[in-house]
Amino acid sequence: MTDKLQLIDSRTTDVGGIPVARAIPVKERRTIGPWCFLDHIGPARFAPGEPGLNVGPHPHIGLQTFTWMLEGEILHRDSLGSEQVIRPGQVNLMTAGQGIAHTEESVPGHPSVHAAQLWIALPETHQTTRPRFDHYPDLPRWQQHGAWFTLLIGTYQDRQAPTLSFAPILGLDLQADAPCTLTLPLAPEFEHGLLALAGEVTVAGQTLAAEQLAYLAPGTSEVIISLSAGARLLLIGGEPLAKPLQIWWNFVSFDKEAIRIAAQDWQSGDPRFGEVAGYVGARLTAPSLAGL
């Protein structure tokens, strides 16, 4: 099984004034199934008077944004009129489809934030679906072999998450109260990624360094993991994409021309993306299309 294991270092970037570890896309791995973006945010602490996370209005197409909250609170607003605070143990899911804009801000009175933020590429047949927003405060959660499991999206061990999905996918959070070793069954048709969110984690005998992603190629039917007391692990998976995916700025598509049009529409103020009501601040500006 270890010949199917690849260790990938995250790269540090900035989101809304907070340094984050970006596990995908990176040079070694751009997608894991339909998952095409994974940021580990924090845990970050803010001194009194510091603004915390603040991401101004920006657009998306062709994807779902997926936020799994571990600590603190974030306020989501979007151009559909949605306004939703996400709290620990909850998932926010925004389906961009043909186009949407949104903002994210730390909630006053919460001096910390810790979350995983991901994107899910929509299948070609759903790339231009109508945008929508869904909030999931209650997810399947159970204890097994010394660890707590939370099913974030997809199916696992005969359990089904309520989270909207358009293709076979898996998102699973594991948290250990005490040291434990687990054998996790996996769908062999999926590729998988495992990222430690807290504590010490070992995957197939390999200890993950800080912000290191373990990638498992298709054909893997199980993996042995070890968690230290208090450790937390994010497991994602899905069937490999059949076609190369284009990712540019906040846009995802299987067609470069669709991204060019979306960028031009955003810069020109085209109504396809709408306006985010209630946010005080400037819209984000798209970078030059020269590199696309």
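This section describes the pockets, cavities, aromatic contacts and salt bridges of a predicted model.

The largest pocket holds about 500 Å³ of space. Its lining comprises 26 residues, and those closest to the pocket centre are Val 15, Arg 22, Phe 37, Trp 119 and Asn 250. Two or more lining residues come from each of the strands β2 (11-15), β4 (35-45), β5 (54-60), β6 (63-71), β10 (100-106), β11 (112-121) and β24 (246-248). Strand β2 supplies the largest share of this lining, with 4 residues. By class, the lining of the largest pocket consists of 11 nonpolar, 9 polar and 6 charged residues.

The second largest pocket has a volume of about 220 Å³. Of the 13 residues that line the second largest pocket, Pro 123, Ala 167, Pro 240, Leu 241 and Ala 242 lie nearest its centre. Its lining contains 10 nonpolar and 3 charged residues, with no polar residues.

A search of the whole structure for cavities of 30 Å³ or more returned 2. The largest cavity encloses about 60 Å³. Its lining is formed by Thr 65, Thr 67, Ile 74, His 76, Ile 86, Asn 92, Leu 93, Met 94, His 102, Glu 104 and Phe 133. At least two of these residues are supplied by each of β6, β7, β9 (91-95) and β10, and the largest share, 3 residues, is that of β9. In terms of residue class, 5 nonpolar, 5 polar and 1 charged residues line the largest cavity.

For the second largest cavity, the volume is about 40 Å³. Pro 34, Gln 64, Ile 120, Ala 121, Pro 123, Ser 165, Phe 166, Ala 167 and Ile 169 make up its lining. This set divides into 7 nonpolar and 2 polar residues, and no charged residue is present. Pro 123 and Ala 167 thus appear in the lining of the second largest cavity as well as among the residues nearest the centre of the second largest pocket.

Aromatic contacts were examined next. The structure contains 8 aromatic pairs. In one of them, the ring centres of Trp 249 and Phe 251 are 5.7 Å apart and the ring planes stand at 90°, so the pair is classed as edge-to-face. Trp 249 is partly exposed, at a relative accessible area of 24%, whereas Phe 251 is buried, at 0% relative accessibility. Phe 251 also pairs with Phe 273; here the ring centres are 6.2 Å apart and the planes lie at 20°, so this pair is stacked. Because Phe 251 belongs to strand β25 (residues 251-253) and Phe 273 to the segment after α1 (256-268), the pair ties together parts 22 residues apart in sequence. Phe 273 is likewise buried, with a relative accessibility of 1%. Trp 249, Phe 251 and Phe 273 belong, with Trp 248 and Trp 266, to one aromatic cluster.

Charged groups are also placed over aromatic rings. The charged end of Arg 283 sits over the ring of Trp 266, a member of the aromatic cluster, at 3.7 Å from the ring centre. Elsewhere, Arg 141 lies over the face of Trp 148, at a distance of 4.2 Å from the ring centre.

Side chains of opposite charge can pair when their charged atoms come close. The structure holds 11 salt bridges. One of these joins Asp 39 to Arg 22, with the closest N and O atoms 2.7 Å apart. This pair links distant parts of the chain, since Asp 39 lies in strand β4 and Arg 22 in strand β3 (residues 18-24), 17 residues apart. Asp 39 and Arg 22 are both buried. Arg 22 is also one of the residues closest to the centre of the largest pocket.

A further salt bridge is formed by Glu 191 and Arg 29, at 3.8 Å from N to O. Glu 191 is in strand β18 (residues 191-198) and Arg 29 in the loop between β3 and β4, so that distant parts of the chain, 162 residues apart, are linked. Glu 191 is buried, with a relative accessible area of 5%.

Glu 105 and Arg 77 also form a salt bridge, in which the closest N and O atoms are 2.7 Å apart. Glu 105 is located in strand β10 and Arg 77 in strand β7 (residues 74-78), so the pair ties together parts 28 residues apart in sequence. Both Glu 105 and Arg 77 are buried. Through salt bridges with shared partners, Arg 77, Glu 83 and Glu 105 are joined into one network.

Note on methods:
Residues numbered from 1 in each chain as written. Predicted model: local features only at pLDDT ≥ 70, side-chain atom pairs only at ≥ 80, totals over all residues. Heavy atoms only, no water. 1 Å grid on protein atoms, 1.4 Å probe; cavity = no way out; pocket = protein on both sides within 12 Å on 5 of 7 lines; lining within 4 Å. Points joined across faces, edges and corners; volume = space filled by probe spheres on them. Nonpolar A, V, L, I, M, F, W, Y, C, P; charged D, E, K, R; others polar. Phe/Tyr/Trp six-rings, centres within 6.5 Å; stacked < 30°, edge-to-face > 60°. Buried < 20%, exposed > 50% of the residue type's maximum accessible area, 1.4 Å probe, protein only. Lys NZ or Arg CZ within 6 Å of the ring centre and 35° of its normal. Salt bridge = Lys/Arg side-chain N within 4 Å of Asp/Glu carboxyl O.
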